[in-house]
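User: Please take a close look at one helix and the parts that surround it. I am a first-year student, so keep the sentences short.

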Amino acid sequence: MPPFLSEEVKKMKKNKAMIVGFILPCALTLLVMYLYPVLRTILMSFFAIDSVTADVGTWSFNGFGNYARIFGSATFLTSLSNMLKIWLVGGILVLTIALLFAVILTSGIRFKKFFRAAIYLPNVISAVALATMWIQYIYNQDYGLLNSMLEMVGLEGVKWLGTDTKFWAMLAAFVFGAVGYYMLIFISGIERIPQDLYEAATIDGANKFHQFFRITLPLLKGIIKTNLTFWSINTITFFLWSKMFSPISSEASTIVPVVYLYDTVFGSTGNAERDAGAGAAVGVVLAIFVGIIYLITSKFLKDDDLEF
Amino acid sequence: MKKKLISLLLVSAMATTMIAGCGSSTETTTESAASTTAETTAESTAETTASTTEETTADTAAAETGELPDYSGVELTYWSMWNSAEPQGQVLQEAADAFSEQTGAKINIEWKGRDIKTIVMAALESGEKIDMFEDSDSNMATVYKDYLYDLTDMAAAADYENHSFKCLTDYLVNKAGFLCAIPEQPQVGGVFYNKDIFEACGITEVPATWEDYLAACQTMVDNGYQPLALDSTYADFLFTYHLDRVIGTEAISDLAVNGGWSENEGVIQAAQQQIDFINAGYLADGAPDEYPASQNKIGLTGEVAMVVCANYVASEVNNNTGTEVNWGMFNYPEVEGGVDPSNAYAGSNAIGITSYSENPQAAFDFAMFLTTGEYDQKMADTASQIPADPSNTAPAMLDGTIETLQATVNPLTWNAGLNDNADLKTSLKDVIIGLYEGRYATGEEFAAAMDALY
């Protein structure tokens with residue numbers, strides 16, 4: 001071996017040690033903080049366990065018992081159906097409105113910055129304050145904004161938060177708060193599209209609608225995929241709004257899987273029973289949902305077929 | 001080279017600490033126990049190892065004379081379910097300061113807020129240094145009991161029996177098998193009402209039976225008042241209270257778990273009575289409303305007379321509406337042909353002392369300091385709560401609560417057994433809200449809707 005090569009090898013070896021040294025803390029943190037809880041949760045979902053942190057020695061194997069319990073629970077099934085409704089109906093509303101706003105705001109209108117900030121504003125306000133505002137000031141049946149408006153035009157007030165309408169009232173309030181976030185992502189996507197494409201299209205005689213459906217939308221595929229994934233995760237981890245719309249104890253009309261998980265793991269008003277195993281099973285089911293949605297969107301919305 | 005060596009060392013040190021920190025819980029217990037022992041000074045060790053008989057004698061003497069033993073060098077860690085800015089938190093801090101001054105003990109309060117229920121179990125399992133902590137009595141007696149100190153002997157020595165509500169301590173003893181915690185901030189359920197409206201309507205005696213109650217409601221309606229506020233979040237509380245008077249908690253629990261609502265005459269009767277109550281126009285305008293809109297009307301309009309809830313409703317309404325309602329309270333009325341009507345919903349928060357605490361006696365003395373005498377009265381007055389010591393006086397707005405608590409032998413649980421079915425309670429609750437929304441024309445229809453969930 002020539003002497004210079006052995007020097008190189010030595011250097012590389014040293015470098016490797018350095019690389020390993022620097023990567024180690026990060027890798028270990030990731031393994032301990034991320035992989036360990038994930039693996040433990042998956043494992044826990046197959047055991048009967050009272051407390052989340054119970055010693056492994058106290059776990060007793062339960063097979064698919066926890067899964068059987070949650071899928072046999074009317075409340076869990078209701079919560080899944082609520083989640084699906086939020087995902088589908090809320091998703092269509094949020095993403096459509098967000099896209100619409102994004103297109104309008106990038107079309108060169110005046111006061112663009114003001115509108116952008118105003119629409120994004122609900123994301124800055126604490127969701128607790130936002131939900132309280134909706135519940136106490138907008139939906140209130142005596143002096144709420146909606147009923148005041150109805151009365152102004154001579155119509156009778158509606159009980160917006162009755163058991164039949166509560167879910168939709170909650171969804172509407174949530175959609176209001178969520179639009180701004182997705183709009184910003186859409187705006188960044190639209191601004192990435194080169195202006196000359198639109199100029200060329202205008203010269204060729206394409207109107208705004210053609211431009212939107214033939215240029216903007218196809219070039220936003222990647223962004224739509226990102227937004228869909230974010231929306232899905234947002235829906236699956238939906239918790240606070242449900243809690244706010246059913247204070248004291250959960251109600252079937254607004255319950256979602258994470259609230260069910262929380263009640264199962266930590267007990268609820270009037271029932272101190274805790275079942276961390278079933279809670280873990282709910283967590284695993286939700287994680288599988290995120291995975292499925294990601295796979296589907298990746299399959300149907302490929303963003304690498306267009307380059308610009 | 002040197003630098004690299006040092007950086008490598010640092011990195012490996014970091015990694016080792018991390019691995020050590022994430023060891024199994026048994027290891028951590030030993031470790032933390034070891035470290036706390038190391039931390040404890042020689043002086044305090046000497047003090048804590050002083051014989052318990054001496055301590056007990058000292059304490060009994062203290063209870064009699066009102067003087068506290070010397071706990072210099074003792075350090076107590078207290079996990080609180082309050083935040084330091086809340087009135088309860090402020091009184092707790094004041095009490096801790098006073099206790100420190102009188103005994104020399106140092107009390108470190110960690111404000112965990114209401115989410116304590118999600119974190120304290122992990123801390124107990126890993127043997128974290130906590131001497132005492134707060135949570136609901138039901139969690140103490142069921143979830144944490146294995147980690148709690150048996151306070152029976154210390155309580156007997158301190159004559160605690162005469163400074164507590166029997167129904168609250170009995171609950172803890174019956175559920176956990178031993179006195180596992182000290183109740184504080186008691187709660188009691190019942191009918192909370194505006195005395196001024198009763199007076200204006202000429203109702204001189206609080207109704208004791210369902211017939212009297214209906215008659216009182218009719219009198220209120222005749223005088224232009226609205227009898228009962230109801231927010232949907234408490235619909236199940238109201239209905240199960242009534243149902244308890246008809247069939248009792250055990251029967252409700254059985255129905256909640258196994259179904260068969262339609263086959264129970266009592267359920268149909270209770271539901272029908274509530275339907276008739278609603279149809280007679282005894283619910284406040286807009287009820288069932290969204291919490292806290294309906295209960296707020298008691299303060300805002302001055303025309304709504306009553307609400308069935310626990311005692312905190314009084315201060316909630318006063319605070320929310322900026323009014324001083326002239327509150328009174330009576331136990332939910334008896335239903336003819338029903339079961340024992342003397343019991344009320346009762347519960348409390350409780351202070352538990354960890355079984356591994358090094359200073360259980362000092363912790364117990366501090367719990368006593370907080371839940372009896374001067375600071376208990378202060379807690380009741382400042383936070384508008386029922387005192388934990390019946391010999392103290394309840395704030396004016398909670399007039400009648402101490403008597404109801406004392407008359408209660410077997411307290412009702414929240415929703416009187418309905419919540420025993422954890423999987424269905426949210427759906428059952430929705431059907432009950434529907435009952436008050438007028439969805440069912442008869443008791444049979446309601447019972448059938450309950451059964452349809454099984």
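Analyst:

**A helix with a buried side**

In H11(B), the buried residues are Trp210(B), Tyr213(B), Ala216(B), Cys217(B) and Met220(B). They cover an arc of only 120° around the axis, which puts them on the same side of H11(B). An α-helix has 3.6 residues a turn, so residues three or four places apart point the same way. Keep in mind that this is a predicted model.

Now check the length of the helix. H11(B) runs over residues 210-222, and its 13 residues should span 18 Å at 1.5 Å a residue. The end C-alpha atoms are 18 Å apart, which agrees. After H11(B) comes Gly224(B), with a positive phi near 85°.

**From the helix to a loop**

Take Trp210(B) from the buried set. Trp210(B) is touched by Val335(B), which also touches His242(B), Arg245(B), Val246(B), Gln269(B) and Gln273(B), leaving out residues up to four places away in sequence. Where is Val335(B)? Val335(B) lies in the loop between E7 and strand E8 (346-353) of chain B. Val335(B) has a relative accessible area of 1%, so it counts as buried. Compare its position with that of Gly224(B): the two are 111 residues apart in sequence, and their C-alpha atoms are 26 Å apart in space.

Strand E7 (residues 327-330) of chain B holds Phe330(B), while Tyr193(B) is in strand E4 (residues 181-194) of chain B. These two residues are 137 residues apart, and their pair links distant parts of the chain. Their rings form a tilted aromatic pair, 5.4 Å centre to centre with 55° between the planes. Both ends of the pair can be checked for burial. Tyr193(B) is buried, at 9% relative accessible area. Phe330(B) also counts as buried, at 4%.

**From the helix to the core**

Next, take Tyr213(B). Tyr213(B) is among the residues that touch the most other members of the largest nonpolar core, along with Trp261(B), Met306(B), Tyr436(B) and Phe446(B). That core has 85 residues. Its largest share, 8 residues, comes from helix H12 (residues 235-247) of chain B. Apart from this core lies another, of 57 residues, including Ala98(A), Ile119(A), Val258(A) and Tyr260(A).

Follow Tyr436(B) next. Neighbours within four places in sequence aside, Tyr436(B) is in contact with Leu230(B), Ala235(B), Leu238(B), Phe239(B), Gln274(B), Ile278(B), Leu283(B), Ala287(B) and Pro288(B).

**A covered helix**

Tyr436(B) is one of the buried residues of H20(B). How many residues of H20(B) are buried? The count is 12 of its 12 residues. Among them are Lys425(B), Lys429(B) and Asp430(B), as well as Leu428(B), Val431(B) and Ile432(B). What do they pack against? The buried residues of H20(B) pack against H12, helix H14 (265-279) and helix H21 (443-451) of chain B, and against helix H3 (74-105) of chain A.

The length of H20(B) can be tested too. The helix covers residues 425-436, and its 12 residues should span 16 Å at 1.5 Å a residue. The end C-alpha atoms are 17 Å apart, which agrees. Gly438(B) follows H20(B), and its phi is positive, near 85°.

**Across to chain A**

Glu251(A) gives another link between the chains. Besides Lys166(A), Phe245(A) and Ser246(A), Glu251(A) contacts Ser232(B), Thr233(B), Thr426(B), Lys429(B), Asp430(B) and Ile433(B), with neighbours within four places in sequence left aside. Glu251(A) lies in the loop between H11 and helix H12 (257-266) of chain A. At 1% relative accessibility, Glu251(A) counts as buried.

Phe245(A) leads on to an aromatic cluster. The cluster includes Trp134(A), Tyr139(A), Trp160(A), Phe230(A), Trp241(A) and Phe245(A). Trp241(A) and Phe245(A) are 4 residues apart in helix H11 (residues 240-245) of chain A, so about one helical turn separates them. Both Trp241(A) and Phe245(A) are buried.

**Chain B as a whole**

Step back to the whole chain. Chain B has 21 helices and 8 strands. Of its 454 residues, 56% count as buried. Among contacts in chain B with a separation of 6 or more, 77% come from residues 24 or more positions apart.

Note on methods
Residues numbered from 1 in each chain as written. Chains lettered and ligands numbered in written order. Predicted model: local features only at pLDDT ≥ 70, side-chain atom pairs only at ≥ 80, totals over all residues. Heavy atoms only, no water. Expected span 1.5 Å × (residues − 1). Buried < 20%, exposed > 50% of the residue type's maximum accessible area, 1.4 Å probe, protein only. Arc of directions from axis to C-beta. Phe/Tyr/Trp six-rings, centres within 6.5 Å; stacked < 30°, edge-to-face > 60°. Core = buried A, V, L, I, M, F, W, Y, C linked by side-chain atoms within 4.5 Å. Contact = heavy atoms within 4.5 Å.
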